[in-house]
Amino acid sequence: MSQPKYLTGDKAGIEEFLDKFDVFLFDCDGVLWSGDAIFPGTVETLEMLRSKGKRLVFVTNNSTKSRADYRKKFLGYGIPCETEEVFCSSYSAAVYLSRIVKLPAPKNKVYVLGESGIESELAAEGVPYIGGTDPALRRDMTPEDFKTIADGSALDPDVGCVLIGLDFHINYLKMALAFAYLRRGALFLATNTDSTLPQANSFFPGAGSVGAGVVKAHGKDPLSLGKPSQAMMDAVEGKFQFDRSRACMIGDRLNTDIQFGIEGRLGGTLMVLTGVSTKEEILGEGKATVPAAYVDTLSDLLG
């Protein structure tokens, strides 16, 4: 496998690379910003690409925010963005449930391990749900809980799916309920299975880590609707209608962003070194997944 091309400082190489594509799919955390801190030059880089007539689509695995929430974040940074330009994993999961799975009533309710972003997107697609940010579940497990979960009296008989995402208030009670629904045959989905979350220029447990206890107890992995799942790529292509050969995925993580672009047969992939994966990882011997090119920071594309 050929080594990825290093574009930082190579103005001619950058121009040649950008000219190959009409559409750029962007990861957000670790590429545009880290937590609430936007990387220098992000606004100018996106403006440059738009000025060249490039179409921008923001594809993020972070399920804690809805598309509308993300638009507010973009606008807060001074980045023009329409809700329809955002494709987050919570939206991907909601679309999958409402338009593909179509759980039959009455067992069409979803039990959520996650934050308000998932709830907002499920509600927008008309998918009923329980769990999520329900304050009644933010407490310790009691002896009575063990009894009522075991006999089924604490369970909603209409739950037909368990959907796990990043939950900042995960606890034993929520996990026990999720496991109980899965034991009853509920469909098992995940917004994404990222092991880490880039925040504040550091790393924290991601959705995959938060849901690991349920996965271990159940003994089966959920179907992930985030990167690198090609179910997500198909949904993105179906929504935005673009030529994959003229599209490029820009990300910071080899096993999600770059793998997503490669398996999706996009025309190119570009990795930035401001997030999860390191230069040493992408240049290591025997790597099965490597980007076509890489830069130190996104703003290096300004030349």
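1. Start with the hollow inside: the largest cavity holds about 190 Å³ of space. A cavity here is a set of points on a 1 Å grid over the protein atoms alone where a 1.4 Å probe fits but cannot get out. Grid points are joined across faces, edges and corners, and the volume is the space filled by probe spheres set on the points. By this rule the count comes to one cavity of 30 Å³ or more.

2. A quick word on what you're looking at. This is a predicted model, where local features need pLDDT of at least 70 and side-chain atom pairs count only at pLDDT 80 or more, while totals for chains, interfaces and linings use all residues. Residues are numbered from 1 along each chain as its sequence is written, and side-chain values use heavy atoms, with hydrogens and water left out.

3. So who lines that cavity? There are 19 lining residues, and those nearest the centre are Asn 61, Asn 62, Asp 194, Leu 197 and Pro 198; to count as lining, a residue needs an atom within 4 Å of a point. Strand β11 (196-199) and helix α11 (254-263) each supply at least two of the lining residues, and β11 gives the most, with three. (Helices, H or I with at least four residues, and strands, E with at least two, are DSSP runs numbered from the N terminus.)

4. Now sort the cavity lining by class: four residues are nonpolar, eight polar and seven charged. In this scheme Ala, Val, Leu, Ile, Met, Phe, Trp, Tyr, Cys and Pro count as nonpolar, Asp, Glu, Lys and Arg as charged, and the others, Gly among them, as polar.

5. Next, the domains. The protein is divided into domain 1 (5-61 + 228-302) and domain 2 (103-224), with bounds from an automatic or database domain assignment. Their centres, taken over C-alpha atoms, are 31 Å apart. Twelve residues from domain 1 and twelve from domain 2 make the contact, meaning heavy atoms within 4.5 Å. Back to the cavity for a moment: its lining draws at least three residues from each of the two domains.

6. How much area is buried between domain 1 and domain 2? The figure is about 900 Å², and carbon and sulfur atoms give 43% of it. Buried area is the accessible area (1.4 Å probe) that two parts lose on being put together, summed over both. On the domain 1 side, Ser 34, Asn 61 and Arg 253 supply 47% of the area buried against domain 2, more than any other three residues. Asn 61 also turns up among the residues nearest the centre of the largest cavity.

7. Salt bridges are worth a look too. One is counted when a side-chain nitrogen of Lys or Arg is within 4 Å of a carboxyl oxygen of Asp or Glu. The structure holds 14 of them, but the rule finds zero across the interface of domain 1 and domain 2. One to look up is Glu 15 with Lys 52, at 3.3 Å from N to O. Glu 15 lies in helix α1 (residues 11-18) and Lys 52 in the loop between α2 (42-51) and β5 (55-60), so the pair ties together parts that are 37 residues apart in sequence.

8. Don't skip the largest pocket, which has about 290 Å³ of space. A pocket is an open set of points with protein on both sides within 12 Å along at least five of seven lines. Of its 15 lining residues, Ile 149, Ala 176, Phe 179, Ala 180 and Arg 183 are the closest to its centre. Helix α7 (172-183) is one of the elements that supply at least two lining residues, and α7 has the largest share, six. The lining has twelve nonpolar, one polar and two charged residues.

9. Finally, some backbone oddities. Ala 105 and Pro 106 are joined by a cis peptide bond, with omega about 5 degrees. Pro 106 lies in the loop between α4 (89-101) and β7 (109-113), and Lys 102 is found in that loop too.
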